[in-house]
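Here is a short tour of a few spots that reward a closer look. Have the model open beside you as you read.

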Amino acid sequence: MNTLKKIVALGDSITKGVIYDGESYKILPAGFVSQCADNLQADIDNYGRMGCTVTRGTQIAEQHAEAIAGSDVTLVEFGGNDSDFCWTDIASAPADAHYPMTELPTFRSIYRNLIERIRKLGSKPVLMTLPLIDDKRFYNFVTRNMGEHDRNNVLAWLGGQQERIRNYHDMYSLAVYQIGYQERVPVLDITSPFLHNRDYLPYLCCDGIHPSQEGHNLIAESVTAQLYKILPQL
């Protein structure tokens, strides 16, 4: 396959092109998916949804099975919401056990099933890792409406280390690599482009998790280059 004419994109708000401007969420006219469509001169159906986990993504894939069947490649980007927690529950009961929205073994299992389904529909699955997050900004964002007592409870549950938020996020990004290796599916690295910058914070919105317009530009450039590189394998 030397060219990509039709692509389907499945994912969360990052795939959708959502940014946070400090007051509300907005959709970028030039998110990374639309930029990739222009760069690759391909038709891309973007089914990214805000707050989407891999479980919800599987349901969306079924709803758009015909589009996937007619596509050369299906880009898949999940993990950010799966790795997240219900922070208000943590604030209310910091001594209790709390688990991510999708626990890691379940995440792996459902992700593999999604890959198999995409293949059966006749499309080539291509996975994407997760962009970096800024744990400090994200901690301030998820606790912004909490009182000092509840904020301290969340921090106590994190062992006094806001960095643990990023650790959970990174675990799911690493899991995508592992799933791709095990299933022999290409994985596009959109993590390293952020790390290549000494200060990657301008590439993130003030909530610490959604890429800014500059972040989407970075992702689009990286995804385009990597897709061109793996075209002979598809």
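A polar contact here is a pair of N or O atoms within 3.5 Å. With that in hand, and keeping in mind that this is a predicted model, we can start at D12.

D12 sits in the loop that runs between β1 (6–11) and α1 (13–16). Its side chain reaches the backbone nitrogen of I14 at 3.0 Å. D12 is buried yet takes part in no salt bridge, and R49, the nearest side chain of opposite charge, is 11 Å away. Apart from neighbours within four places in sequence, D12 touches G48, R49, M50, C52, E77, F78, G80 and N81.

Next comes A67, which belongs to helix α4 (residues 65–69). Is A67 buried or exposed? It counts as buried because its relative accessibility is 18%, and the cut-off for buried is under 20%. Although A67 and K6 are 61 residues apart in sequence, their C-alpha atoms lie 9.1 Å apart in space. Beyond its neighbours within four places in sequence, A67 is in contact with V8, D45 and Y47.

Finally, the cysteines. How many disulfides does the structure hold? The count is 0. Two of the cysteines are set out below.

| Cysteine | Closest cysteine sulfur | Relative accessibility |
|---|---|---|
| C205 | C206, 6.6 Å | 7%, buried |
| C206 | C205, 6.6 Å | 42%, partly exposed |

The sulfur of C205 is 6.6 Å from that of C206, so the pair is too far apart for a bond; a disulfide needs the two sulfur atoms within 2.5 Å.

Key
Residues are numbered from 1 along each chain as its sequence is written. This is a predicted model: local features need pLDDT of at least 70, side-chain atom pairs count only at pLDDT 80 or more; totals for chains, interfaces and linings use all residues. Side-chain values use heavy atoms; hydrogens and water are left out. Helices (H or I, at least four residues) and strands (E, at least two) are DSSP runs, numbered from the N terminus. Buried means under 20% relative accessible area, exposed over 50%, partly exposed in between (1.4 Å probe, protein chains only). Lys and Arg count as positive and Asp and Glu as negative; His and the chain ends are not counted. A salt bridge is a side-chain nitrogen of Lys or Arg within 4 Å of a carboxyl oxygen of Asp or Glu. A polar contact is a pair of N or O atoms within 3.5 Å; within protein, one must be able to donate a hydrogen and the other to accept it, and residues adjacent in sequence count only if both atoms are side-chain atoms. Contact means heavy atoms within 4.5 Å.
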